[in-house]
Amino acid sequence: GAGGAVLALAATAVGAPALLGTAVVSVAIATGGALIGYTSLDVPAAAALVATVIALAAGTVAPFAFKLAGMRMPALPSSASQLQEGIEPYAGSEVAERTELAGRWVTALFAVTGIIAAGALVVLAEHPNLPEVLTALALSLLLLLHSRGLVHIGQRLTLAVPGIWGLLLLARSWAADSDGDGRLVVFAVLLGAAAALVIAAWTVPGRRMLPYWGRAAEVAHTGIAVALLPLSLWVAGLFGWLRGLFG
């Protein structure tokens, strides 16, 4: 009956998102291993390709979680008679339960995105060349831009933390490959970024932002997402292979 349905929904909310997240991470690792083992790709190339697919797929998390929670959006009516179809109200408790479940799915799927991206960033930032640097930078910024539209703090952290992690790894790599003066520059950049974040934390909350800032973030989000795939293919050596193929 109704009690059994609520119990099943609660059990699904606890276990299924974590189970699916574990499965996706396992498949991503297996895919990366297969790319390394059965192709000529090296570890950074495989990591870049897998992380790119996962990061770009993060844009579909919200509608996917909506469906996994058992919720559906009714089709728009195409005639006057259809306006009277499907107008029965849903029970408030059921809507609340499924909304909570959808939130759990979103958190789990974004956590998967962050975990896979964080692992790929470790590989890409280890003594990187220019393609790896640009790919890691684009991936980190894309994660940060993905997180800006999330309201729940836990969901936002699942993407923001790996994004910051990637930037710090790039800074570490820059410092490790530099001399004393270069390391001072890295320290100055990190100090300036930290100061800017502190000032923003003091001044931005509660203020009404001008519309063009949001528009600029949307344009940057789209541009970086579009650029990430060719950058990962550059890491994989596709462009060099094509140049050699066609002379």
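**Close-up 1. Helix 2 passes helix 8 in a left-handed crossing.** This is a predicted model, as are the views that follow. On the helix 2 side, the contact is made by Pro44, Ala45, Ala48, Leu49, Thr52, Ala55 and Leu56. Their partners in helix 8 are Ala225, Leu228, Leu229, Ser232, Leu233 and Val235. The two axes sit 8 Å apart, and the packing angle is about 160 degrees. Angles over 145 degrees count as roughly antiparallel, so that's the label for helix 2 and helix 8.

**Close-up 2. Helix 2 also meets helix 5, again in a left-handed crossing.** Here the axes of helix 2 (residues 43-57) and helix 5 come within 11 Å, crossing at roughly 20 degrees. The cut-off for roughly parallel is under 35 degrees, so this pair goes down as roughly parallel. Helix 2 brings Pro44, Ala48, Ala51, Ala55 and Leu56 to the meeting. Helix 5 answers with Glu132, Thr135, Leu139, Leu142 and His146. Pro44, Ala48, Ala55 and Leu56 may look familiar: they turn up in the contact with helix 8 too.

**Close-up 3. Helix 5 from end to end, residues 130-147.** How far apart are the end C-alpha atoms of helix 5? They are 26 Å apart, which agrees with the 26 Å that 18 residues should span at 1.5 Å a residue. Plenty of side chains to look for here: the buried residues are Pro131, Glu132, Thr135, Ala136, Ala138, Leu139, Ser140, Leu142, Leu143, Leu145, His146 and Ser147.

**Close-up 4. Glu132, a buried residue of helix 5.** Glu132 has a relative accessible area of 12%; buried means under 20%, so Glu132 makes the cut. What does Glu132 touch, leaving aside residues up to four places away in sequence? Pro44, Leu124 and Val235. Pro44 belongs to helix 2, while Val235 is part of helix 8.

**Close-up 5. The structure's one salt bridge.** Side chains of opposite charge can pair when their charged atoms come close. In this view, Glu218 and Arg215 do the pairing, with 3.3 Å from N to O. Both residues lie in helix 8 (residues 211-235), three residues apart, or about one turn of the helix. Are the partners buried or exposed? Arg215 is exposed, at 53% relative accessible area, whereas Glu218 is partly exposed, at 39%.

Methods. Residues numbered from 1 in each chain as written. Predicted model: local features only at pLDDT ≥ 70, side-chain atom pairs only at ≥ 80, totals over all residues. Heavy atoms only, no water. Salt bridge = Lys/Arg side-chain N within 4 Å of Asp/Glu carboxyl O. Helix = DSSP H or I, 4+ residues; strand = E, 2+ residues; numbered from the N terminus. Buried < 20%, exposed > 50% of the residue type's maximum accessible area, 1.4 Å probe, protein only. Expected span 1.5 Å × (residues − 1). Contact = heavy atoms within 4.5 Å. Axes fitted to C-alpha atoms, helices over the stretch in contact; angles between N-to-C directions. Parallel < 35°, antiparallel > 145°, perpendicular 65-115°, else oblique. Left-handed = near helix turned anticlockwise from the far one by under 90°.
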